[in-house]
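Got a minute to go through some labels on a structure? Let's ask what stands behind each one.

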Amino acid sequence: MEEKKRNSFTGSIGFVLAAAGSAVGLGNIWRFPNLAAKNGGGLFLLVYIVLALTFGFALLTTEVAIGRKTQESPLTAYKKINKGFGFIGIFAYLVPFIIYPYYCVIGGWVIKYMSTYLAFQGQVAVADGFFNGFISDQWQPILYTIIFTLLCFVIVYKGVEHGIEKYSKVLMPILAILVLFIAVYSIFLKFTDPSTGATRTGIQGLGIYFIPNFEGITFGKFLKICLDAMGQLFYSLSIAMGIMVAYGSYMKKEVNLSKSINQIEIFDTAIAIFAGMMIIPSVYVFAGPEELSNAGPGLIFVTLPRVFDSMGSFGQFFGLMFFVMVLFAALTSAVSILEAIVSSMMDKLKWSRKKATLIMALITFVVSVIVCLGYNVFYFEKSFAVVNKGQILDFLDYVSNNLLMPIVAICTCILIGWVAKPKTVIDEVTLNGEKFGRKWLYIIMIKYVAPVLLTLILLGSFGIFG
Ligand code: PHE
């Protein structure tokens, strides 16, 4: 058989933007701001940044290095490092497989909202029950999910350089500009509540976000903040789902690995911080401080449309920009999930990209229709409250994020920290004689600190810390 050359990103920028595209997703937009508002504002930001520079940096470096070293996708890469650890690959392959169909369903919801604003129908989205009515409709969510999956399909089908890299290079800079613009605009917002006569300003909202709030902080509470920050970081960097291994395997050997990792981290953290600057002040000003505790789909599909509506005529435009931005974020993340699966199928089964992508499109279609029907035909309770616990989507989310991902990451730390030894990764990072500035930190993190923190996350998901 003819030996095929592995796809690759053309250079460092292509890799960084594609990986940042994966990292910047719904988690940055609907989870990060809410966690920060809930967890003492600036205090959470501080903890998050420290963890990103230590814990996040170690895990991200490990995964990208495993990919580049083995030149294999997640399903087969771990086995190549050590025969006994091939099972990590199976878990790391399962995670994107579980996440992808429901991520596409949410992507479909985003398209629905974007098109609502595109048609200048933003006021419709504010109506009571619009969101619940939409997700419990039998056909609409399926239709929009299909549109979203088709977009992902086209990008992955075109390959690494002509698909993923090309689109990330266009979408990510636009996304960054949109977030920045909306964030700056939010600071200047002002609103006088007609019922109370009180005026709330964007600057006050910004204060809630940035100023550390130590009120009532006990040691236990501080631990909980750290746990929330770790969980968020983990999810936000797209770690433990095979994605960074797959993208690492497309990274050219001459690219400076540790510099690229720093850039991805800066990009992801900066977008998360700006997302908070755009969401917290606007929700605070127009919906009041109580709404800040609202997270998840409820925040962007229910609260924010109300915020846009109270902005007057500019709100339509603002809403449209916001949902375009969310769509770009969701699309580049979904593409990375699909790529992790497709690349594994190509490596393991020796399928062509076209065949693997097509087959995955069919599987996704079936599973995501089931997820959509989870809000009507397969709904387990009578009422349609905003994304109840217990729906198919929540169940898939729990299994992948709370169980499988920490397990994959713990096993990866054991493999690299203790079995194959940190040198495996360090050699790959310094392949061309590059400097690995935080080498000592890397060793301590991967051997001791990260496994302990990850075990805490895993225990946390069993509800042990309340
Ligand atoms: N990292 C993405 C975010 O912050 C989430 C994601 C999940 C990306 C699953 C890819 C796969 O939203």
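Here are a few questions about burial, salt bridges and surface patches in this predicted model.

Q: Why is the contact between Arg68 and Glu428 called a salt bridge?
A: The cut-off is 4 Å from a Lys or Arg side-chain nitrogen to a carboxyl oxygen of Asp or Glu. Arg68 and Glu428 come to 2.7 Å, N to O, so the pair passes.

Q: What does the pair of Arg68 and Glu428 tie together?
A: Arg68 sits in helix α3 and Glu428 in helix α18, so parts 360 residues apart in sequence are tied together. Both side-chain partners are buried, Arg68 and Glu428 alike. Shared partners also join Arg68, Lys253 and Glu428 into one network.

Q: Why does Asp193 count as buried or exposed?
A: Buried means under 20% relative accessible area. Asp193 has 17%, so buried it is. Its salt-bridge partner is Arg200, at 3.5 Å, N to O, and Arg200 counts as buried too, at 13%.

Q: How do you know whether Lys83 is buried or exposed?
A: Exposed starts over 50%, and Lys83 has a relative accessible area of 75%, so the label is exposed. Lys83 is in the loop between α4 and α5, and gathers with Lys79, Lys348 and Lys350 in a patch of positive charge on the surface.

Q: What makes Ile444 partly exposed?
A: Partly exposed lies between 20% and 50%; Ile444 has 39%, so that's the label. Ile444 lies in helix α19 and belongs to a nonpolar surface patch whose members include Trp418 and Tyr448.

How values were computed. Residues are numbered from 1 along each chain as its sequence is written. This is a predicted model: local features need pLDDT of at least 70, side-chain atom pairs count only at pLDDT 80 or more; totals for chains, interfaces and linings use all residues. Side-chain values use heavy atoms; hydrogens and water are left out. Patches are made of residues with over 30% relative accessible area and no salt bridge: like charges are joined within 9 Å, nonpolar side chains (Val, Leu, Ile, Met, Phe, Trp, Tyr) within 5 Å. Accessible areas come from the Shrake-Rupley method with a 1.4 Å probe; for residues, only the protein chains shown count as cover. Helices (H or I, at least four residues) and strands (E, at least two) are DSSP runs, numbered from the N terminus. Buried means under 20% relative accessible area, exposed over 50%, partly exposed in between (1.4 Å probe, protein chains only). Lys and Arg count as positive and Asp and Glu as negative; His and the chain ends are not counted. The place of a charge is taken as NZ of Lys, CZ of Arg, CG of Asp or CD of Glu.
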